[in-house]
Amino acid sequence: MPATKEHINEVLDSIARRNRGPGGAIAVLKDGELLAQRVWGFADLSQRIPLSPRTQLPICSITKQFICALILDLERTPLPGPSIRSQLAAQLSEILPELSDKITIDHLCHMQSGLRDYWAMTTLLGAKPDDEFLIQRDGPGMAARAKSVQFKPGSEFSYCNLNFYILGRALERVTGKSLDELLQERILRPAGMETAFLCPNTAEHPAPCVGYEGDERGGFMPAVNRMEWAGDAGLVASLADMIAYEKYLDRCYADSESWYREAIEGPVFGDGTPAPYKFGLSHGHIGGVKTVGHGGALRGYRLERRHVPTERLSVVVLLNSDADSSEPGVEIIREVLDIPKPALSDVKPADDWFGAFMDQDTQLAIVVSKGAREGEVAISYAGEAENITLSEPNHGKNDAMVATIDGDSLDIHRVEDNRRLRAHRIVPDESILKKTPFHGVYHCAEIESTFHCIGEAGTFYGAFDGYLGQGHATPMKYLGGDVWVLTCPRGLDAPAPGDWTVNFHRDENNTVNGLTIGCWLARGIEYIKKI
């Protein structure tokens, strides 16, 4: 039986209690009208300024769907001259001259370009976590170093902010207007988002809201952000603005010819296989019910909006902390639509699951550990660990992947990525640590990056030099064979890339002569040993 308004308010109260600090705001809309909202805590803890429905927060990557809405709107009410697609394609040839014959505008909009994420790449190019990154000064250098792809465009999914940096620059060049002007004219004002605007510089977000790192145990501290982004993120909006946006989308959904109806049609890869992302919107299911939406993250902020079009149900979650913003949305949708929680498993995992594995195709390490609950194992491959529910001791799945362990072989079908992994166990070998001189200086000509492996006797640190500066030295952890991970708990963007897999290579004389480094967002980058 669907939940009552009173019950939904109780659910919102419970969510607020579990996410007390610093503050948060949630809205639930049904049939185009506000069903319930809850705002709690503080926009600024030190000044004791409460969070309110009109407090502006950065909505970060939720911005991506607005950029795609611009493109689709420009198709429906075009500018004079050639079609918007042909004009954008011409700009793509200038921004990515070496790849424009392989990558299309749709590849960028649907996260199927194969490009490496530029916020992850800033680590390899010498950026420190608190450095400044400016669109005009630093962005062109990043695009110029995008000379290869990590898979055939259109064949797989990989989240990439560079896609939307490129779309943003192309839109500005084609129209002769700033993104903020375009968004105000074509999306924000028509949607009734009265106080929303584009604020590219994360150090200049409007007062009074402050984003906080930390937790109740260790305390909350104001987060430092000094990067510019416009296209992949950048919009600032209040809860009131987001409520207006959800009402606007509800009206758009009722119009079969609207840009939104085109955006939420089922995405596919080039081979016709269903895909998880289209026009800046992630597509998923909760208990078999289709949802579309997007999350957002910046150091000190976590945001989420999720829409169930067929049920005319929307949930918006805005937090000025690093707490999880996606789970509250899922919980509310389940309660409103009376969707039962997935059944728990009591299957005991096979011992073979646990350990480190190496996928030679992507050159990425996979670490499997105990899951959050009984009947689960946690697989670390794409950033944060993902829990799968076991149906058999050696087999399990979640919405994004299916995995099977067979002795020292791990098979994973990354359903959403449209990729199959065949990984083999790697185990530490103390003799390698004692005998192999991994330390040295390595260089990647493609991205003009130098990697310093510093240390001895199995205690190593890694640091990068590039056009963005000289990065911090960070610890390396040995996994087995010639495979290490380079830790990256903080980066310019949030969440950070996580651990980078470093796979050292040897020549015919068994001498280390290079390495491949990568993470899920940016993989397959080759370095040659120089010293």
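A colleague puts questions to a modeller about a predicted model.

Colleague: Which residues does the UniProt annotation "domain: Beta-lactamase-related" cover?
Modeller: The model is predicted, so local features need pLDDT of at least 70. The span in question has end C-alpha atoms 12 Å apart, with 32% helix and 23% strand. According to the unreviewed UniProt entry, the annotation covers residues 16-324.

Colleague: What is the strand content over residues 347-527?
Modeller: The unreviewed UniProt entry annotates this span as "domain: D-aminopeptidase". Its end C-alpha atoms are 43 Å apart. Helix makes up 3% of the span, and strand 56%.

Colleague: How are α1 and α11 oriented, roughly parallel or roughly antiparallel?
Modeller: Helix α1 spans residues 5-18, and helix α11 spans residues 326-337. Their axes lie 10 Å apart, at an angle of about 160°. Angles over 145 degrees count as roughly antiparallel. Therefore α1 and α11 are roughly antiparallel.

Colleague: Is the crossing of α1 and α11 left-handed or right-handed?
Modeller: The two helices pack with their axes 10 Å apart. Their crossing is right-handed.

Colleague: How many nonpolar residues does the contact of α1 with α11 have?
Modeller: From α1 come His7, Ile8, Val11, Leu12, Ile15 and Arg18. From α11 come Pro328, Glu331, Ile332, Glu335 and Val336. By class, 3 are charged and 1 is polar; the nonpolar count is 7.

Colleague: How are α8 and α9 oriented, roughly parallel or roughly perpendicular?
Modeller: Helix α8 covers residues 179-191, and helix α9 covers residues 239-254. Their axes come within 8 Å and cross at roughly 100°. Angles of 65 to 115 degrees count as roughly perpendicular. So α8 and α9 are roughly perpendicular.

Colleague: How many charged residues are in the contact of α8 with α9?
Modeller: On the α8 side are Ile187, Pro190 and Ala191. They meet Ala244, Tyr245, Tyr248 and Arg251 in α9. The contact has 6 nonpolar residues and no polar ones; the charged count is 1.

Colleague: Which strands stand at the edges of the sheet with the order β4-β8-β5?
Modeller: This is an open sheet of 3 strands with antiparallel pairing. Two of its strands have a single partner each, so one side of each is left without a neighbour in the sheet. Those edge strands are β4 (57-58) and β5 (197-198).

Colleague: Which residue in β8 stands opposite Pro58?
Modeller: Strand β8 covers residues 235-237. β4 and β8 run antiparallel and are joined by 2 bridges. Opposite Pro58 stands Val236.

Colleague: Which strands make up the closed barrel?
Modeller: The barrel has 8 strands, with antiparallel pairing. From one strand to the next, the twist averages 30°. The strands run β14-β15-β16-β17-β18-β19-β20-β21.

Colleague: How many bridges pair β14 with β21?
Modeller: Strand β14 covers residues 355-359, and strand β21 covers residues 419-426. One bridge partner of Met358 is His424 in β21. The strands pair in the antiparallel sense, and the bridge count is 4.

Colleague: Which residue in β21 is the bridge partner of Ser409?
Modeller: Strand β20 (residues 409-414) pairs with β21 in the antiparallel sense over 6 bridges. The two form a hairpin with 4 residues between them. In the turn, Asn418 has a positive phi of about 60°. The bridge partner of Ser409 is His424.

Colleague: Which residue in β15 is the bridge partner of Phe357?
Modeller: β14 and strand β15 (residues 364-370) pair in the antiparallel sense over 5 bridges. Gly355 stands opposite Val368 in β15. For Phe357, the bridge partner is Ile366.

Colleague: Which residue in the turn between β14 and β15 has a positive phi?
Modeller: These strands form a hairpin with 4 residues between them. The phi is about 60°, and the residue is Gln363.

Colleague: Which residue takes a positive phi in the hairpin of β15 and β16?
Modeller: β15 and strand β16 (residues 376-380) pair in the antiparallel sense over 4 bridges. In β16, the bridge partner of Val368 is Ile379. The hairpin has 5 residues between its strands. The phi is near 80°, and the residue is Gly375.

How values were computed. Residues numbered from 1 in each chain as written. Predicted model: local features only at pLDDT ≥ 70, side-chain atom pairs only at ≥ 80, totals over all residues. Heavy atoms only, no water. UniProt positions renumbered as here; feature names shortened; annotations may be inferred. Axes fitted to C-alpha atoms, helices over the stretch in contact; angles between N-to-C directions. Parallel < 35°, antiparallel > 145°, perpendicular 65-115°, else oblique. Left-handed = near helix turned anticlockwise from the far one by under 90°. Contact = heavy atoms within 4.5 Å. Nonpolar A, V, L, I, M, F, W, Y, C, P; charged D, E, K, R; others polar. Pairing = 2+ DSSP bridges.
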